[in-house]
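Here's a quick briefing to go with the model you're about to look at. It starts with one helix and what surrounds it, then moves to a loop residue and the chain as a whole.

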Amino acid sequence: MHLIITEKHSTAKRIAGILFNKSSKMVRVNGVNTYESGDTSVIGLSGHVVGIDFPDTYNNWQKTDARDLIHADIITVPDKRNTKIVSALKKLGKVVDTVTIATDYDREGELIGVEALNIIKDVNPKIKSNRARYSAITPAEIREVFKNLSLIDFNLAAAGESRQIIDLVWGAALTRYLSVTSKRLGKRFLSAGRVQSPTLALIVDREKEREAFVPKPYWELYAVHPGEQQFISKHRKDRFWDREELDRVVARIQDAKSGTVSDVKRGKRTEKPPTPFNTTEFIREASRVGISPANAMRIAENLYTNGFISYPRTDNTVYPKTLDLKSLVSMFLGSTFREYASRLLEKPLKPTSGKKETTDHPPIYPVAIASKEQLKSDEWKIYELVVRRFFATFADASIWKTLRVVIEIKGEDFVANGAVLVEPGWRWYYPYHTSDDRILPDLEAGQVLDVEKFDIESKTTKPPARYGQARLIKVMEDLGLGTKSTRHEIIQKLYDRAYVHGNPVQPTKTAYSVVDTLKKYATPVVVPDMTSKLEQDMDLITEAKITEESVIKESRDMLDKIFEDLVNNREKIAEELRDGLYNDQVVGPCPECGAEMAVRPSRFGMFIGCGNYPDCTFTLSLPSSRFGMVVVTDQVCEEHKMHHIQIVQSGKRPVEIGCPYCNQLKWEAAEKAGNDPVVGPCPECRSDLVVKLSRGGGRFIRCSNPAQDCSFTLPLPSPRYGELIITDTICEEHGLHHVRIASEGKSPWEIGCPYCSYIEWQKKQDEKKSKKGGKKSTGTKKSRATGSRGKKASELTKIGGIGDAIVKQLGGAGIKTLKDLATADPEQLSLKLNKISKNRIANWQASI
DNA sequence: GCAAGGTC
């Protein structure tokens, strides 16, 4: 049997479609869809199906010396999410005599293929192998390539493997050193890596430049020319740095009522059409239409899996020759883009091409017609962007008519520039770039012009701007940091680690400390050179000029030297790191005694405490801090002079607490006022259910039974902003008023009956969980095994919403006291309980 | 609980 292995499922399906035509049959092997015809099978991987790691004996961060990781054994481990594919490969491997590796045509693709081959070799050492290399999945190219199979490039795969090992060793050793030395263990650990650290350094360096920037004042001088077509001209000097000089000029000209046109230059400016989309350029243009890099990639992936656009992760800016561009454009004759397509087809199609041409994937282009109704609004925005960009790459240049006029006013030259778009060219297809005409009247040399007045604008030079996410991705690409698929993830990682916040991106003090320490003691990991050197070495490995082993050894030796320094200076570094880390926790003056308040850990999560403790015991609570990391931003509350606070949770939008004192006062006021809006009768005791403000600034619904012996609660879905409106509609089933959340500038969100909405939401969570599988079932078993114990009445019932049945469940999960509950991770706990969401747990915790 | 690279 012949087995073809591709990098992803979608390519397996498409290649089978081309090679087998209609005889392609889908066969499930160990739960993996494969395609079969006659003696040949095609299976798709999911990228790397195995990874590398250290043996379990190195797992304890405190007990293992970080330095030992440099020379620790490295083992291959199957990727947890892809165990099915691994076993399918083993199963098929036994009955196969030849394997064709048809993964992506790049370095990682070669490695991914060799990894799969090695899995098969384990069960079938005599297997024969070859390689199919293609740059676009078109029938012509695929058929051709499979007629001319080549050999696997094991050197190329070895180059990829050297990268894996070097990244793991440097990343893990430095991450552990930083975390252990600064005692930042658990989820607040401090990380370092070949790509993330230089990226973080870029952000920190830019912030330092901004801090060091001294603004310089300057002035601009304009003349206003009235008439049918009023316009302004600017003094030729552009910027006056010397106020006295400006004053002298103004004194000379101020009573001038006219000027003479001394020079007129007419010209033409052409703008070439844009080049085909690669990932970075796509992300930048998506941010123009208001979509963040992470969202743009998520949406693009979605459009790709649904067959609307081509593969979105590509560096290529040249359409492969095998791509049938004409039929792609013609396809749009039957769409809302008809007029654009037919205009393009009037002439032969000549696409632009960019500088970079790669072999793995084509540039991003549309592959099918979509209608606006079919897609969500952001999806349509992205789809339209890809379509219009595709069109623009065939369009003509746009042409501007330009006019430059010099006007002499009492011996001083004033200049006016005009530009009018005369041939829109590609701009007609691709209207995302502003193209404002600057219209000047048709002037002739010698003409006398009126001057109505002079305007002086006083300005200052601006510090370099902070990086926006899209800009940062571009800079990373220019420096060779990361890949098209990882750059936006690396930036996300910096947010998750609380190294940065906001957009444009701002570093925290922790980032300053980490970057400073690494710069001083482990320079190679904070500069892009490590990546460029690695790239060069990988090329040499590929050309068989040096070995993988020698590259790895050299890298380990370098890290050994670095660790000598790190170990010798441990105390000093610990102190430096902790200083910076403390600065990151400083919130502002204590309202009671004026001392410095800072974020501090307690058994129940983080809180803000006074530096004068125990003399001053004033505290502010930070309710959601159990679920994420606290970020102190540089925004300061005018009233309390406290820094605004954010709670960052990996993979989620940060929770903006704002000024923690304002937040606390708001909550206390709401508690005191007690006029909480009533939603309806409590399903358990018939008292009023009311909307309460949670300590985190969020909202939830609770029973207001005055005796406090009913503990029914309902969470509310999470837009924390906007007004909660209780409507007149009443749920027939639960008797509760429907609610909606109204935010300014957005259409209101109808939640309906909060009870129904909660049940609905829980169902969805359960479905998600059951899809994950594996982990959950063992958790449930465990909870049953220990569940028989917790029987007595528990302090847990003091919390709203917890009755005897839930106490029993909680007991089974090892939660017996309020303290247990307060310190539990809601997500983990929710997995151990039956139909109790992590939000519900979070609400309990917030009410402790 | 570490990296970065695939893929979803």
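Helix H20 uses its buried residues to pack against three partners: helix H5 (154–181), helix H16 (509–521) and helix H19 (548–568). Keep in mind that this is a predicted model.

**Helix H20, side by side**
- The residues doing the packing, i.e. the buried ones of H20, are Ile573, Leu577 and Leu581.
- They sit on the same side of H20, because the arc they cover around the axis is only 65°.
- Flip to the face turned away from that buried side and you'll find the exposed residues Glu571, Lys572, Glu575 and Asp579.

**Helix H20, end to end**
- H20 runs over residues 570–583, so at 1.5 Å a residue its 14 residues should span 20 Å.
- The C-alpha atoms at its ends are 20 Å apart, which agrees with that expectation.

**Serine 711**
- Look for serine 711 in the loop that links strand E27 (699–703) to strand E28 (713–715).
- Is serine 711 buried or exposed? Serine 711 has 22 C-beta neighbours inside 10 Å, and the cut-off for buried is 20 or more, so serine 711 counts as buried.
- Cysteine 682 is 29 residues from serine 711 in sequence, and their C-alpha atoms are 9.7 Å apart in space.

**Chain A overall**
- Chain A has 27 helices and 31 strands.
- Of its 848 residues, 37% are buried.
- Taking the contacts in chain A between residues at least 6 apart in sequence, 64% join residues at least 24 apart.

Methods:
Residues are numbered from 1 along each chain as its sequence is written. Chains are lettered from A and ligands numbered from 1 in the order in which they are written. This is a predicted model: local features need pLDDT of at least 70, side-chain atom pairs count only at pLDDT 80 or more; totals for chains, interfaces and linings use all residues. Helices (H or I, at least four residues) and strands (E, at least two) are DSSP runs, numbered from the N terminus. The expected span of a helix is 1.5 Å times one less than its number of residues. A residue is buried if 20 or more other C-beta atoms lie within 10 Å of its own, exposed if 12 or fewer, and partly exposed in between; C-beta atoms are placed from the backbone. The arc is that of the directions from the helix axis to the C-beta atoms. Two residues are in contact if their C-beta atoms, placed from the backbone, lie within 7 Å.
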